[in-house]
Amino acid sequence: MTDALKSTSVLEDGPVSERVSATRVAIETLRRSPLSLVGLVIVVFVILVAIFGPWIAPFPEDAGASVNFAKRLKPPSAEHWFGTDVVGRDVLSRVIIGSQISLTIALFVIVFAVLIGVPLGVIAAYFGGGLGGGIMRINEVFLAIPSLVFVLAVSSLLGPSLPVVIIAISLAWWTWYARLAYGEVLSIKQEQFVEAAQVSGASKMRIAFREILPNLTSVLIVKVTLDIGYVILLGASLGYLGLGVQPPEPEWGIMVAEGREQLPDAWWLTTFPGLAVFVTVMGFNLLGDGLNDILGARQ
Amino acid sequence: MTALLEVEGLEIGFTDADGAEVTLLRGIDLALREREVIALVGESGCGKSITAKAILGVLAQPPLRIKRGAIRFQGRDLLKLPAAAYHALRGPGFTLVPQHPLSSLNPMFTVEQQFFDLMNYQGRARVGFVDYWKPRLSATRRRDTRERTIAALREVSLPAPEEILGRYPFQLSGGMSQRVLIAMALLGSPKMVIADEPGTALDVTIESQINDLLRERVEARGMAMIYITHDLGIASELADRVYVMYAGRVVEEGATHEVFNAPRHPYTAGLLKAVPKVSNEPFAGIKGTLPDPKAIGGGCAFRWRCPYATAACEGVVPPLVDVGDGRRAACVRATELTLAA
Amino acid sequence: MTVLDLRDVTQVFGGRGQPVRALNNVSLGVSEAERVGIVGESGSGKTTLARIALGLTKPTSGRVTLLDRDVTELRSDHQRYIHRHVQMVFQDPLSSLNPRKSVRQIIALPLEAQRIGSPQDRERRVVELMDSVGLPSRMLDSWPSQLSGGQRQRVGIARALAISPKLLFLDEPTASLDVSVQARILELLVGLQAKLRIAQVMISHNLGVIRHAADRVAVMYLGQIVEQAPTARLYAAPAHPYTQALFAAVPAVGARKRHGAALARVRGEVASATNIPSGCPFHPRCPQATERCRGEVPVVSTVASGHQVRCHLHA
Ligand SMILES: Nc1ncnc2c1ncn2[C@@H]1O[C@H](COP(=O)(O)OP(=O)(O)OP(=O)(O)O)[C@@H](O)[C@H]1O
Ligand SMILES: Nc1ncnc2c1ncn2[C@@H]1O[C@H](COP(=O)(O)OP(=O)(O)OP(=O)(O)O)[C@@H](O)[C@H]1O
Ligand SMILES: [Mg+2]
Ligand SMILES: [Mg+2]
C-alpha cells in the first residue's frame with residue numbers, strides 16, 4: 001500500500017500545529033458574559049475556602065462541640081465578624097468549615113450520579129432492545145418519586161448521617177443523568193460518524209463509550225455545574241429538617257435551623273449560613289448558564 | 001446597476017494554540033450587483049465558505065476573528081450592525097444554502113417542522129411565549145404553512161412532497177436533503193442567496209432543473225446570487241462573473257466565459273487543465289498543496305507551485321490590478337503571459 | 001475472482017406513511033481490482049446499495065456474498081468480516097467525522113479498532129495517509145469543525161484507506177474537492193487499483209469523474225440498474241434515454257452563460273420511490289415513451305458484449 005500512496009505524494013510544509021486551544025476560546029467567551037464570570041469567581045472562591053478552611057478560619061476549634069458561654073450570642077464585631085452562637089462558637093469559622101461538608105456532599109453525589117446514570121443511559125439508548133427498555137423502566141420508577149421524598153424516606157430508614165445523605169441523594173439523582181444521556185445518545189446515534197466507526201471495525205462498546213460519549217461532555221459539564229448548586233441546597237434542607245448531617249457538625253442547614261430559635265434578636269445566626277448557601281448555589285448556577293452558552297454555541 | 005453587496009479588504013484570522021496569528025482571508029474584495037450571479041471558485045480550503053459565513057454573520061467567532069474590512073449590504077455596513085438588525089436581514093435579505101446537506105438539517109425534527117419554524121420564526125433573535133404558540137395553535141396558519149411548504153418542495157423537483165413532509169433527515173437521500181435546503185433558502189424570496197456547493201449530490205438532470213429555477217429567480221424576481229462551486233461547467237453556465245480565489249485572496253476576476261476561455265492567472269489556467277472531461281482527454285492536477293498560511297510571507301502565495309514563477313514573485317503580494325476588458329488579475333506577469341485554457 | 005456479489009437485492013423502508021422502495025431487485029457483481037462506477041438519479045438507492053454491501057442494513061430480500069461468504073444476515077461476526085475487507089467513504093463529509101476527535105484520531109480509528117500495527121506504526125501510517133490525500137500534516141491535530149469541506153472529505157478518504165481493504169465504496173468522494181485536488185485523488189485511486197488490486201465502487205454525479213474512475217458503469221434510476229456497460233462503450237453509445245439525458249445535461253466549461261432553458265432536457269414530475277410509476281419507471285420523463293412503456297415493465301436486454309439495458313426501445 002505504501003508505494004501506491006507514495007507515488008502521488010505531494011508535500012512541502014512544516015510541522016506547525018493549527019490547533020486552537022479550547023481554553024482560549026473559553027476565556028474569550030467568558031469575558032463577554034460578565035455574569036458567568038461572577039459565577040466563576042464565586043465558585044473558585046468557595047472551593048478555595050473549603051480546601052483551606054481549617055487554616056483561614058479564625059477559631060477552627062469552634063467547628064466542633066466546643067463551648068464558651070462567656071462569648072455567648074455576641075453580635076458581629078471585629079473579633080467575630082459573623083458573631084457567635086448560643087454556646088459561644090464563632091459563626092464565621094463554622095460557616096467556613098461548613099463549606100467542606102456541603103461540597104463533599106455535592107461532589108460525592110454528582111460523581112455517583114454520573115458514574116451510575118451516564119453509562120446506563122448510554123447503554124439503554126445505544127443498545128436498545130430489552131436491556132435498554134429494562135433500564136429505562138427502572139429509571140422511570142425512580143423518577144416517579146420526588147427526590148426530596150425519596151431522600152427523606154431513605155434517611156429516616158437508615159438513620160441520618162453524612163454517608164447516608166450522600167447515598168440517599170445519589171439514588172435519587174442518577175436518574176436525571178440516565179435520562180439526559182439517553183436522550184442525547186438517541187440523537188447522536190443518527191449521525192453518520194457512528195456508522196463510519198462501525199465500518200472502521202469498532203466494537204459496540206467502543207462506539208458507545210469512546211465515540212459517542214465524548215460528544216456528551218459539554219451537556220454533562222453544564223448539567224453538573226447547575227446540579228452542584230441544587231445538591232448543596234438539598235443537603236442543607238435535609239440538615240435543616242434534622243434528617244441529614246447531625247449536630248455538632250457545622251452544616252449550613254443545621255446552623256440555620258438552630259439559629260431560627262433565636263430570631264429575631266440574634267439575626268446573624270441564620271443570616272450568614274443562609275447567605276452562604278444562597279451565594280454558593282447562585283455561583284454554580286451562573287457558571288452553569290455561562291458554560292451552557294459557551295459549549296452550546298460551539299455545537 | 002448599483003452594488004447590492006460590497007466586500008472590501010476582508011481579513012479573517014485566528015490565534016493558534018502557540019499564540020501565533022494565522023490569517024486565513026488576506027483581504028477579499030467582492031462586489032455583487034442586483035440581479036447578478038457571481039461564481040466563487042478556487043482550491044479546497046482557500047476560504048470560500050469562510051467568506052460566505054462572514055457575509056451572513058454566522059462565522060464561528062471565536063476562534064475566528066474578522067480583523068479588518070467592511071461588508072456592505074444595500075449600503076449598510078453589516079459588521080457594525082446590531083445583532084437584532086442583522087437577524088432581521090436573514091430571510092428577506094439574504095440566505096445560505098450550506099455546504100454539507102446532511103449535517104445542516106436538525107436530525108430531531110421532520111421536514112415539515114423545520115419549515116414551520118422557518119416560516120413562522122425566521123428573522124427573530126428571540127421568540128416569546130405568545131409568538132411561539134400563536135402560529136402553532138392556529139389551524140389556518142398550520143394549513144397555510146403546509147401548503148407553502150409543499151409548493152416550495154415541488155419547485156425544487158422533489159418527488160412526492162407530501163411524503164417528504166413527515167420524514168426525518170436520516171430518511172432522505174443526500175440529494176433530497178440538499179434540495180430541501182435549497183427550498184428553505186429560496187422561501188422568503190431573498191434579495192441575495194449564497195449557495196455553497198448546492199449541487200454536489202444532485203444528478204446532472206436535476207441539477208440543471210435547479211439551476212433553471214435559480215436562474216428564473218434571478219431573472220424574474222431580481223434575486224442576486226453568490227454561487228460557490230468546484231464545477232467550472234456550472235459556473236460557466238450560471239454566472240455572469242467569476243472570482244477565482246487562492247489561499248485567502250482573489251487572484252482573478254472577470255466575465256465568466258472570458259476568464260475560462262483566456263485565463264490571465266496561472267492558477268486559473270492550472271484549474272482549467274484539471275477538469276476531468278466526459279471525453280477521455282487527459283487532465284492533470286496542479287502540483288503541490290495550499291501553502292501554510294503562516295509561511296506565505298510577503299510574496300505571491302502561488303509561487304511554489306507556479307510554472308511561471310520568477311524572482312519578482314517573492315517580494316510583494318501581487319495586487320489585484322486591471323488587465324483590460326474589465327478584468328482583473330493578481331499576477332505580476334499577468335499581461336506578459338499567454339496562458340492556454 | 002468476484003469480491004462482492006449482490007443478488008436480487010430489494011430494500012423497502014417501512015415506518016409511518018407509505019413504504020419506500022429504495023432498491024428493486026438489483027444485482028451487481030464486483031471483481032477483484034475492478035472499478036465500478038454508479039451514476040444515477042438522486043434518491044435512486046445508490047447509498048442504500050452501499051450500506052447493504054457494508055452490512056449496515058439488512059436487505060428486505062436478496063443475497064449479499066463477500067469473497068464467497070454469505071453475509072446477508074446482520075451478525076456481528078459477519079460485520080467484523082466485512083469491515084476487515086470493505087471500507088467506505090461516506091457521502092456527507094461533515095457528519096461522518098466525529099466532532100470530538102482530532103484528524104489524527106479519526107484516521108487511526110480503523111487501525112486501532114482492528115488492532116493493526118504498533119502505536120508507532122499507526123502514527124507513521126496516519127502521516128503517510130495524510131500525505132497521500134494531499135492534507136498537510138499541520139492539520140493532524142485539527143478538529144473537523146476547523147477544516148474546509150474538501151479537507152473534511154479527504155480525511156474521510158484517508159480513513160477508508162487506513163487498513164488495506166479489498167473493496168472500497170466511495171460515495172461522492174470528490175464532491176467537495178476542487179478539480180485540482182480531485183485530479184490527484186483520482187490518480188491515487190488508479191494507483192490503488194494497479195498496485196494493490198483494490199476493487200472500487202465509485203458513486204458520483206460527475207460524469208467526468210466517473211469517466212476516469214471506472215472500468216464499468218451502472219446507471220441507476222428509481223431503485224433499479226437501468227443500464228450497465230464498460231465505461232468507454234457507455235460514453236460512446238449510451239442506450240437508455242435516461243443515460244442520454246444525463247450526458248445532454250453536462251455543462252461545458254467556458255460555454256457562454258445560458259439564458260433560459262435553451263437545452264432540451266428531461267422534464268416532467270420526478271418520480272418518487274413511494275409511488276413507482278407503472279411499466280418503465282422512467283416513462284413519465286422519457287421523451288421517447290410509447291404506450292408500451294406505460295404498461296409493461298421492460299426486461300434486461302444485451303445490446304452489445306457487456307452492455308445491458310432495461311428499455312423497450314432496445315428489446
Ligand atoms: N474554525 C477554524 N479554525 C481554524 N481554521 C479554520 C477554521 N475554519 C476554517 N479554517 C481554515 O480556513 C481555511 C478556509 O476554509 P473554508 O471552509 O473557507 O474553505 P473553502 O474554500 O470553503 O474550501 P472547500 O472548497 O474545501 O469547502 C481552511 O484551510 C480551514 O482549514
Ligand atoms: N432510513 C430510511 N428510511 C426511509 N427511507 C429511506 C431511508 N434511507 C433512505 N431512504 C429513501 O430511500 C431512497 C434511496 O435513498 P439513497 O440514500 O439510497 O439515495 P441515493 O441514490 O444515494 O441518492 P443521492 O444521490 O441523493 O444521495 C430515497 O427515496 C430515500 O428517501
Ligand atoms: Mg467550503
Ligand atoms: Mg446518496
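These legends describe close-up views of a predicted model.

**View 1. Chain B is divided into two domains.**
Domain 1 of chain B covers residues 3-239. Domain 2 of chain B covers residues 244-329. Their C-alpha centres lie 28 Å apart.

**View 2. The two domains of chain B touch each other.**
How many residues of each domain are in contact? Domain 1 of chain B brings 25 residues, and domain 2 of chain B brings 20. Together the two domains bury about 1800 Å². Carbon and sulfur atoms account for 61% of that area. Look for B:Arg26, B:Glu43 and B:Leu232 on the domain 1 side. These three residues supply 40% of the area that domain 1 of chain B buries against domain 2 of chain B. No other three residues supply more.

**View 3. One salt bridge links the domains of chain B.**
Which side chains meet in a salt bridge? The partners are B:Arg305 and B:Glu43, with N and O 3.3 Å apart. B:Glu43 is also one of the three residues that supply 40% of the area buried by domain 1 of chain B against domain 2 of chain B. Seven residue pairs are in polar contact across this interface, counting pairs with both residues at pLDDT 80 or more.

**View 4. Strands and helices both build the domain 1 side in chain B.**
Four elements of chain B each supply at least two residues to the side of domain 1 that touches domain 2. Two are strands: S2 (21-33) and S3 (37-42). Two are helices: H1 (48-56) and H10 (232-238). Which element gives the largest share? That is S2(B), with nine residues. By class, this side of domain 1 of chain B has eleven nonpolar, eight polar and six charged residues.

**View 5. Ligand 2 lies between chains B and C.**
Ligand 2 is surrounded by 23 residues. The closest from chain B are B:Arg167 and B:Gly175. From chain C, the closest are C:Gly43, C:Thr47 and C:Thr48.

**View 6. Oxygen atoms of ligand 2 meet polar atoms of chain B and of chain C.**
Start with B:Gly174. A backbone N or O atom of B:Gly174 lies 3.1 Å from an oxygen atom of ligand 2. Now turn to chain C. An N or O atom in the side chain of C:Thr47 is 2.5 Å from a ligand 2 oxygen. C:Thr47 is also among the closest residues to ligand 2. For C:Gln91, a polar side-chain atom lies 2.9 Å from an oxygen atom of ligand 2.

**View 7. Chains C and B bury about 5200 Å² between them.**
The contact takes 65 residues from chain C and 69 residues from chain B. Carbon and sulfur atoms give 53% of the buried area. How many salt bridges cross the interface of chain C and chain B? The count is zero. Polar contacts are present: twelve residue pairs, with both residues at pLDDT 80 or more.

**View 8. Helices of chain C help form the side that touches chain B.**
H5 (149-161), H6 (179-196), H7 (207-213) and H9 (241-249) of chain C each supply at least two residues to this side. H6(C) gives the largest share, seven residues. By class, the side of chain C that touches chain B has 26 nonpolar, 22 polar and 17 charged residues.

**View 9. Chain C also has two assigned domains.**
Domain 1 of chain C spans 2-214, and domain 2 of chain C spans 240-314. The C-alpha centres of these domains lie 28 Å apart. Eight residues of domain 1 of chain C are in contact with nine of domain 2 of chain C. The buried area between them is about 740 Å², with 64% on carbon and sulfur atoms. C:Arg21, C:Glu41 and C:Leu207 supply 58% of the area that domain 1 of chain C buries against domain 2 of chain C, more than any other three residues.

**View 10. One salt bridge crosses between the domains of chain C.**
C:Glu41 pairs with C:Arg285 in a salt bridge, and their closest N and O atoms are 3.3 Å apart. Two residue pairs are in polar contact between these domains, with both residues at pLDDT 80 or more. Strands S2 (20-31) and S3 (35-40) of chain C each give two or more residues to the side of domain 1 that touches domain 2. By class, that side has four nonpolar, two polar and two charged residues.

Key:
Residues are numbered from 1 along each chain as its sequence is written. Chains are lettered from A and ligands numbered from 1 in the order in which they are written. This is a predicted model: local features need pLDDT of at least 70, side-chain atom pairs count only at pLDDT 80 or more; totals for chains, interfaces and linings use all residues. Side-chain values use heavy atoms; hydrogens and water are left out. Domain bounds come from an automatic or database domain assignment. Contact means heavy atoms within 4.5 Å. Buried area is the accessible area (1.4 Å probe) that two parts lose on being put together, summed over both. A salt bridge is a side-chain nitrogen of Lys or Arg within 4 Å of a carboxyl oxygen of Asp or Glu. A polar contact is a pair of N or O atoms within 3.5 Å; within protein, one must be able to donate a hydrogen and the other to accept it, and residues adjacent in sequence count only if both atoms are side-chain atoms. Ala, Val, Leu, Ile, Met, Phe, Trp, Tyr, Cys and Pro count as nonpolar, Asp, Glu, Lys and Arg as charged, and the others, Gly among them, as polar. A residue is near a molecule or strand if one of its heavy atoms lies within 4 Å of it.
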